[in-house]
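Please look over the protein shown here before reading the notes. The briefing below goes from the whole chain to single residues.

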Amino acid sequence: MDNMQNKVLAVVGGKQIFESDVEMALMQLGQRAQNYNNPQGRAMILEQLIANKLFLMDAQKNLYEREPEFKEQLARVKEEMLTNYAVQKAVEKVKVTDDEIQKFYDENPTQFEKGLTFNASHILVDSEEKAAELAAKINAGEISFEDAAKENSTCPSGKSGGALGEFGKGQMVPEFEKACEELEIGAMSAPVQTQFGWHLVKLIDKADGGVIALADVKDEIRQALMGQKQQAAYQSKINQLKILFPVDKM
C-alpha cells in the first residue's frame, strides 16, 4: 500500500499501527477473512493489534526475552521453522512438465470419462394417486407437463416447469436415476416413488458424456502429479539423511 494511503489507525506508546497492518491480519485469516472484512470486523482486528502491541511493549520493558523459559520457547519455534524450511528446500525443485501431464492423461483414459448424463424435468407430489391423476391429464392433453409442475409440484423446480437441468449418474437418488435410464427422450414415466415422495419424470435429453478434454483437467493433473513427485522427493531426502545421520529406534 502506498505510504500516502497507508492511514495510521492508532498509536501505542509512540508506535504506529497502520491500515496495512489490518490488511495483513485479514490476509492471515484466510477463508475466515470474509467474516471480518467489514467495519465491525476491522475494528475488532485493530483492537487485537493494539492489545498485541501493548503486550509486546510490556514484554520488552520487563526484559522477558532474557528469561530462560522464553529462550527455550524461542529455540523450539526456531527449530520448527528451520525444519519446515528444510522440507521446503527438499521439494522446491520438483516440476511437472506438460509432457508428463499428457502422458498421465493418455495412460488413464477411464479417469476422464464423463459417463452418462441426463437432462430431465419432474413433478413431485405426496401420493401415488395424485401423481397418477396428473399423468392421466397430461397424457390426455388436458394440461402440459410444465403447467402441471407449476401448479402442483412441491419441489422448488416446479416454478420453472419442473426443469432440473443436466446431471450425471450418481447425482440423483437411485429410483429417480433408474427412471431416467429407462425412458426414451421426450417420454414421461409412470409414478416413481423416492424418499421425497412421488415423481413424474420427463426425460428431455440423454447423452454419453464422452471424454473430458485435457484442457479442462490439466491443472488438476498437474497438482496431483506435483503432490506425488514432492512426496517422492521428500522420502528420497529422508532416506539420504538416514545414511548421514543414523536412526536407532528404541
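The points that follow describe a predicted model. The protein contains 9 helices and 6 strands. Its radius of gyration is 31 Å, well over the 18 Å that the globule rule gives for 250 residues, so the protein is more spread out than a compact globule.

**Overall form and surface**

- Along the principal axes, the C-alpha atoms fill a box of roughly 90 × 55 × 45 Å.
- Of the 250 residues in the protein, 25% are buried.
- The exposed area of the protein is about 17800 Å², and carbon and sulfur atoms supply 52% of that area.
- Among the contacts with a separation of 6 or more, 58% are between residues 24 or more positions apart.
- The protein has 29 positive and 39 negative charges, and the mean positions of these two sets are 10 Å apart.

**The largest nonpolar core**

- The largest nonpolar core of the protein has 12 residues, including I123, V125, F145, W198 and L200.
- Four elements give two or more residues each to this core: the strands β3 (116-125) and β6 (197-208), and the helices α6 (128-139) and α7 (145-152).
- Helix α6 provides the largest share of the core, with 4 residues.
- I123 is one of the core residues. Leaving aside its neighbours within four places in sequence, I123 is in contact with L134, I138, F145, A148, A149, S153, W198, H199 and L200.

**T117 in strand β3**

- T117 is found in strand β3.
- Is T117 buried or exposed? T117 has a relative accessible area of 15%, and the cut-off for buried is under 20%, so T117 is buried.
- Apart from neighbours within four places in sequence, T117 is in contact with E166, F167, G168, D205, K206 and A207.

**L63 in a loop**

- L63 is found in the loop between α3 (39-61) and α4 (68-91).
- Most residues other than glycine have a negative phi. L63 is not a glycine, although its phi is positive, at about 55 degrees.
- The relative accessibility of L63 is 39%, which lies between the cut-offs of 20% and 50%, so L63 counts as partly exposed.

Methods:
Residues numbered from 1 in each chain as written. Predicted model: local features only at pLDDT ≥ 70, side-chain atom pairs only at ≥ 80, totals over all residues. Heavy atoms only, no water. Rg over C-alpha atoms; globule rule 2.2 N^0.38 Å. Buried < 20%, exposed > 50% of the residue type's maximum accessible area, 1.4 Å probe, protein only. Contact = heavy atoms within 4.5 Å. Areas by Shrake-Rupley, 256 points an atom, 1.4 Å probe, with all protein chains shown as cover. Lys, Arg positive; Asp, Glu negative; His and termini not counted. Charge placed at Lys NZ, Arg CZ, Asp CG, Glu CD. Core = buried A, V, L, I, M, F, W, Y, C linked by side-chain atoms within 4.5 Å.
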